[in-house]
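Thank you all for coming; I would like to take a few minutes to walk through a structure that may be new to most of you. Please have the sequence and the model open while I talk.

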Amino acid sequence: MKTLMHSLLAFALVSVAACSSSPTATKTRSEMDVGTKTGMVKNIVIKDTITPDALTVYAGDEVRWINQRQDSVTVTIDGPLEHNVSCRNGFSKAMGMGVDNSTTLASNDTAGLCFSRVGTVKYSVKPSSDTRTTMADTHGSITVQ
């Protein structure tokens with residue numbers, strides 16, 4: 001009887017220790033870092049305005065900015081991106097060290113980010129400094145679920 005009791009106690013302790021680091025069903029998406037890529041790509045088209053200016057995605061989806069203007073534009077994300085993205089295209093710092101929060105897109109150029117944390121990300125699009133245009137600075141938001 002004691003041996004059976006000790007075996008059950010040992011099994012229970014091993015089970016609790018093994019499960020303590022894995023997410024449980026009681027945790028919500030906002031409590032977990034979600035970094036898996038879902039394969040969905042959501043486009044933001046830049047013309048005289050940005051379409052859509054408010055976008056909702058799932059963590060791991062790629063958000064891609066497409067410049068369909070004749071002039072270059074700069075896309076700037078408010079705040080640092082270092083631990084908030086799981087993939088990037090066009091937002092790299094020099095020599096691939098880290099993630100820059102802005103990028104310049106030439107005409108018909110694209111750049112993308114996969115946001116890995118739940119929350120709202122705000123960004124702006126403005127004409128590049130070398131561009132003479134009447135495009136006003138525009139702002140948008142991305143809600144990551």
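Before anything else, please keep in mind that this is a predicted model, and that residues are numbered from 1 along the chain as its sequence is written.

Let me begin with the sheet. Five strands form an open sheet in which the order is β3-β10-β9-β5-β7, and the pairing within this sheet is mixed. The edges are β3 and β7, the latter covering residues 102–105, and each of these two strands pairs on one side only. If we ignore direction, neighbouring strands of the sheet are turned against each other by 20° on average. As a general reminder, strands of a sheet pair through backbone hydrogen bonds, and they do so either parallel or antiparallel.

Now we can go across the sheet, starting from the β3 edge. Strands β3 and β10 pair in the parallel sense, and four bridges hold this pairing; within it, Thr-56 has Thr-143 of β10 as its bridge partner. Going on, β10, which spans residues 138–144, runs antiparallel to β9, and seven bridges join the two. Here Val-144 in β10 stands opposite Gly-119. On to the next pairing, where β9 and β5, the latter made of residues 73–77, are also antiparallel and are joined by five bridges; Thr-74 has Lys-126 in β9 as its bridge partner.

Just ahead of β5 there is a residue I would like to point out, namely Ser-72, which lies in the loop between β4 and β5. Is Ser-72 buried or exposed? Its relative accessibility is 16%, and because the cut-off for buried is under 20%, Ser-72 counts as buried. The side chain of Ser-72 also makes a polar contact, at 3.2 Å, with the side chain of Ser-128.

Let me turn to the aromatic residues. A search of the whole structure finds two aromatic pairs. In one of them, the rings of Trp-65 and Tyr-123 have centres 5.4 Å apart and planes at 80°, and since planes over 60 degrees apart count as edge-to-face, that is the name for this pair. The pair links distant parts of the chain, with Trp-65 in β4 (residues 62–67) and Tyr-123 in β9 (residues 119–127), 58 residues apart. Both partners are buried, Trp-65 with a relative accessible area of 0% and Tyr-123 with a relative accessibility of 1%. Ring pairs also bring in Phe-91, and together Trp-65, Phe-91 and Tyr-123 make up a cluster.

These three residues appear again in the largest nonpolar core, which has 25 residues, and they are among those with the most contacts inside it, a list that also includes Ile-46, Phe-115 and Ile-142. Among the elements that give two or more residues to this core are β1 (41–46), β4, β8 (110–115), β9 and β10.

Finally, which cysteines form a disulfide? The count comes to one disulfide, formed by Cys-87 and Cys-114, whose sulfur atoms are 1.8 Å apart. With 60° about the S-S bond, this link is right-handed. It connects distant parts of the chain, since Cys-87 sits in β6 (residues 85–89) and Cys-114 in β8, 27 residues apart. The two ends differ in accessibility: Cys-87 counts as partly exposed at 21%, whereas Cys-114 counts as buried at 0%.

Notes. This is a predicted model: local features need pLDDT of at least 70, side-chain atom pairs count only at pLDDT 80 or more; totals for chains, interfaces and linings use all residues. Side-chain values use heavy atoms; hydrogens and water are left out. Rings of Phe, Tyr and Trp (its six-membered ring) pair if their centres lie within 6.5 Å; planes under 30 degrees apart count as stacked, over 60 as edge-to-face and the rest as tilted. Buried means under 20% relative accessible area, exposed over 50%, partly exposed in between (1.4 Å probe, protein chains only). Two strands pair if DSSP finds at least two bridges between them. A nonpolar core is a set of buried Ala, Val, Leu, Ile, Met, Phe, Trp, Tyr and Cys residues joined through side-chain atoms within 4.5 Å. Axes are lines fitted to C-alpha atoms, for helices over the stretch in contact, and angles run from 0 to 180 degrees between N-to-C directions. A polar contact is a pair of N or O atoms within 3.5 Å; within protein, one must be able to donate a hydrogen and the other to accept it, and residues adjacent in sequence count only if both atoms are side-chain atoms. A disulfide is a pair of cysteine sulfur atoms within 2.5 Å.
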